[in-house]
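Me: I am new to reading protein models and would like some help. Could we go through this one together, step by step?

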Amino acid sequence: MLPPVGPLPAVVYWRRRLLVLGCAVGVLGGGGWLGAAAATGSPEEDAVVSAPDGGSAPAPALDQVVPSLVAVQLPSPPPTAVPAEDPEEQDPEQPPAESLPVDGGPCSNDMIGVEVRPTPASSPVGSKPTFDLVVTNVSPVSCVRSLDKGLQEIVMVDGSGTRVWGSNDCFPEETTDPRTLQPGESVVFPVVWGGLSSTPGSTAERTPPAPGDYRLRGRLDTATSPDATFTLT
């Protein structure tokens with residue numbers, strides 16, 4: 001190798017030569033490595049292209065970290081529970097509709113009112129007051145009712161409930177008297193009391209009741225009236 005010639009010291013030229021030589025060796029070494037890699041192939045590429053023992057290629061590194069959306073199992077919402085129907089809340093069976101009264105049909109006991117009116121409400125012992133038996137159609141339609149004398153009765157009882165007198169005890173009457181009663185219509189049957197006690201069939205002696213308060217009860221067949229107060233003085 002020729003010694004360096006120049007105005008600078010020789011060591012400068014030797015350093016330059018070593019630097020150029022090192023660069024040349026690096027370029028040659030890198031080119032040789034690239035050529036060998038191109039000829040033999042990259043180990044990483046072999047690992048990606050084929051798997052040992054003929055298995056399937058492994059998943060890419062990104063897929064190993066972030067799973068596929070298809071593989072992710074999303075939690076399903078819990079099933080909505082359908083509340084069981086409470087038997088008590090079910091519509092109860094509707095009661096059968098009550099039959100409305102028919103215009104011109106028979107008068108039931110619910111369609112009439114029975115009342116006793118003493119005239120006057122107070123009488124002296126031994127007098128003969130009048131007791132009115134009043135039958136009224138209290139329904140909104142006209143109806144037919146038998147008002148036979150044998151079905152009418154007024155009974156007097158004392159304060160203890162003992163029977164004192166009855167309108168059918170001595171002189172019962174039998175008639176046939178069906179009538180059509182209009183809504184609100186009243187029929188009055190006056191009964192004159194003789195002022196004496198009586199029993200059914202008049203089997204006991206008849207005497208004037210003592211002074212005091214008594215109650216009158218009327219009926220038309222099975223339809224009965226509330227008690228009415230009557231006073232003997």
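Me: How many aromatic pairs does the structure hold?

Reply: Happy to help! This is a predicted model, in which local features need pLDDT of at least 70, side-chain atom pairs count only at pLDDT 80 or more, and totals for chains, interfaces and linings use all residues. Residues are numbered from 1 along each chain as its sequence is written, and side-chain values use heavy atoms, with hydrogens and water left out. Rings of Phe, Tyr and Trp (its six-membered ring) pair if their centres lie within 6.5 Å; planes under 30 degrees apart count as stacked, over 60 as edge-to-face and the rest as tilted. By that rule, the number of aromatic pairs in the structure is five.

Me: Which kind of pair do phenylalanine 131 and tryptophan 165 form?

Reply: A pair of aromatic rings is described by the distance of the centres and the angle of the planes. For phenylalanine 131 and tryptophan 165, the centres are 5.8 Å apart. Their planes stand at 65 degrees, so the pair is edge-to-face.

Me: Are phenylalanine 131 and tryptophan 193 stacked or edge-to-face?

Reply: Their ring centres are 6.0 Å apart. The angle between the planes is 25 degrees, and the pair of phenylalanine 131 and tryptophan 193 is stacked.

Me: Is tryptophan 193 buried or exposed?

Reply: Buried means under 20% relative accessible area, exposed over 50%, and partly exposed in between (1.4 Å probe, protein chains only). Tryptophan 193 has 1% relative accessibility, so it counts as buried.

Me: Which residues form one aromatic cluster?

Reply: Phenylalanine 131 has turned up in a pair with tryptophan 165 and in another with tryptophan 193. The full cluster is Phe131, Trp165, Trp193 and Phe230.

Me: How far apart are the sulfur atoms of cysteine 107 and cysteine 143?

Reply: A disulfide is a pair of cysteine sulfur atoms within 2.5 Å, and the structure holds one. Cysteine 107 and cysteine 143 are both buried, and the link between them is right-handed, with 95 degrees about the S-S bond. The distance between their sulfur atoms is 1.8 Å.

Me: Is cysteine 170 buried or partly exposed?

Reply: Here we can use the accessible area once more. Cysteine 170 has a relative accessible area of 23%, so this residue is partly exposed.
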